[in-house]
Amino acid sequence: MNLRVSSPSPLPSWLKTPIGKASEISRVQKIVKQRKIHTICEEGRCPNRGECYGNGTATFLLMGHVCTRSCAFCQVEKGHAPMGLDEDEPKKVAEAVKLLGLRYVVLTSVARDDLADGGASWFVKVMDEVRKVNPTTQIEVLTPDFGTGKDAENQQALRVATVVRAKPACYNHNVETVPRLQNPVRRGGKYERSLRVLQLVKEFDDSIPTKSGLMLGLGETKEEIISTLEDLRGIKCDRITIGQYMRPSLAHLPVEKYWTPKEFDELGAIALTMGFSHVRSGPLVRSSYHAGE
């Protein structure tokens with residue numbers, strides 16, 4: 001797959017939806033901006049952010065807004081030196097969760113391959129602080145694959161174990177696309193390495209639900225999607241989100257196909273028959289969509 005610069009195709013009608021209450025979005029943006037913290041809702045320009053904010057959920061982006069990888073689909077900034085860790089970030093996030101009255105929070109991060117443990121212990125620090133200030137708030141984590149550097153396989157296991165010991169309400173890691181498209185879509189990511197993250201979670205603590213996500217529209221086939229879902233169920237992945245890839249800019253991978261709502265419904269039904277306990281499949285579904293449910 002070549003990254004080509006071309007004019008974007010017109011959005012189909014089912015992707016043209018209201019962004020949500022402007023007042024709710026403004027309130028969240030103000031609280032986040034004042035504390036100099038980040039959310040993937042804003043950095044990734046998620047189309048569901050208004051709805052999620054209104055439902056009492058949000059996804060915080062930890063460890064800065066600059067990623068050490070350069071995935072060809074992602075809106076998050078990359079290509080620069082990563083930021084130093086803000087020692088006050090755990091407290092700032094905990095305070096924001098309280099001010100926003102969040103019942104369910106998702107903690108994700110940019111990839112930090114520059115850090116000794118990939119940022120695993122930082123996830124735990126933030127989780128601890130959020131729980132201290134908000135004892136009834138449930139926390140889902142959406143982590144990188146933690147699988148780079150020297151002795152990568154063993155280090156990945158140690159890093160995943162660090163996060164698992166903190167007992168998240170759900171452990172999420174996205175495979176993003178089918179195996180054939182991993183290299184052009186996820187630069188620096190590997191399919192088997194991502195599957196291993198979710199497999200390790202179950203090996204360390206089978207009681208923690210695992211979750212993954214797929215973007216459609218990058219050139220995958222229905223057969224490849226079903227095969228990927230089978231791979232995920234093969235490692236006991238409990239939950240799946242399936243959504244439409246939407247090109248952030250002309251510098252990102254083009255959309256090869258807009259899958260229809262009916263096709264998403266069909267794929268969601270297939271996922272349910274495979275045994276996934278929670279399935280969200282639709283054009284505007286994103287990794288943290290309706291996470292609190």
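Along strand β10 (residues 278–281), the side chains alternate between two faces. V279 and S281 point to one face and are buried, while H278 and R280 point to the other and are not. Here, buried means under 20% relative accessible area, exposed means over 50%, and partly exposed lies in between, with a 1.4 Å probe and protein chains only. Strands such as this one are DSSP runs of E with at least two residues, helices are runs of H or I with at least four residues, and both are numbered from the N terminus. The model is a predicted one, in which local features need pLDDT of at least 70 and side-chain atom pairs count only at pLDDT 80 or more, whereas totals for chains, interfaces and linings use all residues. Residues are numbered from 1 along each chain as its sequence is written, and side-chain values use heavy atoms, with hydrogens and water left out.

Strand β10 has β9 (239–244) as a parallel partner, joined to it by four bridges; two strands are said to pair if DSSP finds at least two bridges between them. In this pairing, I240 stands opposite V279 of β10. Strand β9 is also joined to β8 (210–216), again in parallel, by six bridges. Here K211 stands opposite R239 in β9. The path of the chain from β8 to β9 leads through α9, and this β-α-β crossover is right-handed. That term applies if, with the strands pointing away from the viewer, the path from the first strand over the helix to the second runs clockwise.

Strand β8 has a further parallel partner in β7 (residues 170–172), with two bridges between them. The bridge partner of N172 in β8 is K211. Seven of the seven residues of β8 are buried, so the strand is largely enclosed by the rest of the structure. From β8, T210, S212, L214 and L216 point one way, and K211, G213 and M215 point the other way; all are buried.

The helix of the crossover, α9, covers residues 222–234. At 1.5 Å a residue, its 13 residues should span 18 Å, and the end C-alpha atoms are indeed 18 Å apart; the expected span is 1.5 Å times one less than the number of residues. The buried residues of α9 are E224, I225, T228, L229 and L232. Seen down the helix axis, these buried residues fall within an arc of 140°, so they line one face of α9. The arc is that of the directions from the helix axis to the C-beta atoms. On the face turned away from the buried side, α9 carries the exposed residues E223 and G234. The cover over its buried residues includes α8 (191–204), β8, β9 and α10 (261–274), where contact means heavy atoms within 4.5 Å. After α9 comes K236, with a positive phi near 70°.

Helix α4 (residues 89–100) invites a similar look. Its 12 residues should span 16 Å at 1.5 Å a residue, which agrees with the 16 Å between its end C-alpha atoms. Buried residues in α4 are E89, P90, K92, V93, A94, A96, V97 and L100. K92 touches R35, K36, I37 and D86, leaving aside residues up to four places away in sequence. The C-alpha atoms of K92 and I31 are separated by 9.8 Å, although these residues are 61 residues apart along the chain. G101, which follows α4, has a positive phi near 65°.

Two loop residues also deserve a mention for their backbone angles. Most residues other than glycine have a negative phi. F146, in the loop between β6 (138–142) and α6 (152–165), has a positive phi near 60°. F146 is buried, with a relative accessible area of 2%. K167, in the loop between α6 and β7, has a positive phi of about 55° although it is not a glycine. At 47% relative accessibility, K167 counts as partly exposed.

For the protein chain as a whole, there are 10 helices and 10 strands. Of its 293 residues, 53% are buried. Among contacts with a separation of 6 or more, 76% are between residues 24 or more positions apart. The accessible surface comes to about 13,200 Å², of which 52% belongs to carbon and sulfur atoms; these areas come from the Shrake-Rupley method with a 1.4 Å probe, and for residues, only the protein chains shown count as cover.
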